[in-house]
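Please open the model in your viewer with the residue numbering switched on, and keep the selection panel at hand. The tour below moves from one selection to the next and says what is to be found at each stop.

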Amino acid sequence: MIRLDLSYFYGLSLQLAPLRTLAAGQPLSAAWVDLFTAQNALHVAYNNAVMAGSLRASQVAARTLYDAIGQLIEKNASENVSQFEAANLASALDRLESVLRGELGVMDAYLVTDKAPFATLTLVSGGEALFPPDVLTKVPEAAEDLRSAGKCLAFELSTACGFHTMRALEAVLRRYWEHATNNKPHPKQRNMGVYLRLMEQYGCGTAVVRATLAQIKDLHRNGINHPDSVLDVEQAKTLLGIARSAASAMLKELPEPTPKAPAVLDGG
C-alpha cells in the first residue's frame, strides 16, 4: 500500500502542456528546455516501479510521445520544427492524454475518511500510537499488530481490527504476567481467560488490571473468537479504547527495559 500524492498527475500535465505551444517553423532552441522537461517527466512516470505497474493501458501512447520528443532533441538546436514534426508531436500528445484520462478514470483510488478521534495518517502509517508510547520499548512485539489494527480500522475492516487489537493486548499481558508473577512459567494455554484465572489464584496483578481484562474477555474477546461475530467501525473503536486503557494500566507497572551494554571490541 502506497500513499498517493494527488498533485503528481497535475504536475505531470503541467510538464507536458508546453508541448502544445510548439509550432512549425519555431526554432528548436526556444523549445529545448520544454522538450527535455517533458521527456524526463514521461521517463519518471512510466519507469517508476510502482506507477509503471498501474499505468499499463497508456504505456504505448507514452512511448510514442517519448520517441517523438526524442526525434526533436536529436536534431541540431539551430534547426526549425517542421510541419510534420509539430503535427506528429501534437498527435502523440492527444493520444496519450485521451488514453491516460480513461485509465485514470477507472483506476482503483479511494478516499479513506478519518475514523474520529483517529486521524487517517495515524491509522495507516503509525498504528503503534493506538497504545501508550512506552509500548514500543516495553513490549515491542506488540507493534506489528497495532500497525495492522490501525490499517484495518482505516479501511473499515473492523473485525480484523478487533483481532489485531486483542493480539497486541495479549502481548502486553504476557509481559505483565512475567513482571507480576516474578517470572513464573507461562500457562500452556496462553489465552486471556487462563492468565486471569491464574493471576486471581496467585493473588498477583492489580485489581484494576484484572477487572479491566475481565471486562474485555467477557464482553469482547470471547465474541471476537466466535466465527459469526462481526464488528462495525464503532465497535472496533470502542474495543480499541478499552484495550488501550488496559494496556496503559499494565504498562505503567512494567519497568523500562535495561539498556544493553555496548559491545567491547578486542584491541588486537
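Is Cys161 buried or exposed? Select Cys161 first, bearing in mind that this is a predicted model: the residue is buried, with a relative accessible area of 0%. Now add Cys152 to the selection, which is likewise buried, its relative accessible area being 10%. If you display the two sulfur atoms, you will find that the sulfur of Cys161 lies 6.4 Å from that of Cys152, the closest cysteine sulfur, and that this is too far for a bond, because a disulfide requires the sulfur atoms to be within 2.5 Å. A search of the whole structure accordingly returns zero disulfides, and Cys152 takes part in none.

Next, clear the selection and choose residues 7-16, which form helix H1, together with residues 28-47, which form helix H2. The axes of H1 and H2 come within 8 Å and cross at roughly 145°, and H1 passes H2 in a left-handed crossing. To see the contact itself, show the side chains of Tyr8, Leu12, Gln15 and Leu16 in H1, which meet Thr37, Ala38, Ala41, Leu42, Val44 and Ala45 in H2. Coloured by residue class, the residues of this contact of H1 with H2 divide into eight nonpolar, two polar and no charged.

Move on to helix H4, residues 59-73, and helix H5, residues 83-105, which pack at an angle of about 155° with their axes 8 Å apart. H4 and H5 are therefore roughly antiparallel to each other, since angles over 145 degrees are counted in that class, and their crossing is left-handed. On the H4 side, select Ala61, Ala62, Thr64, Leu65, Ala68, Ile69, Gln71 and Leu72, and on the H5 side Glu85, Asn88, Leu89, Ala92, Leu93, Arg95 and Leu96, as these two groups meet each other. The residues of the contact of H4 with H5 divide into ten nonpolar, three polar and two charged.

For the last stop, stay in H5 and centre the view on Ala86, whose place is in this helix. Which residues does Ala86 touch, not counting those up to four places away in sequence? Selecting its surroundings brings up Leu22, Ala23, Ala24 and Val81. Ala86 is buried, with a relative accessible area of 12%. A distance label drawn between the C-alpha atoms of Ala86 and Ala68 should read 9.5 Å, the two residues being 18 residues apart along the chain.

Terms used: Residues numbered from 1 in each chain as written. Predicted model: local features only at pLDDT ≥ 70, side-chain atom pairs only at ≥ 80, totals over all residues. Heavy atoms only, no water. Axes fitted to C-alpha atoms, helices over the stretch in contact; angles between N-to-C directions. Helix = DSSP H or I, 4+ residues; strand = E, 2+ residues; numbered from the N terminus. Left-handed = near helix turned anticlockwise from the far one by under 90°. Contact = heavy atoms within 4.5 Å. Nonpolar A, V, L, I, M, F, W, Y, C, P; charged D, E, K, R; others polar. Parallel < 35°, antiparallel > 145°, perpendicular 65-115°, else oblique. Buried < 20%, exposed > 50% of the residue type's maximum accessible area, 1.4 Å probe, protein only.
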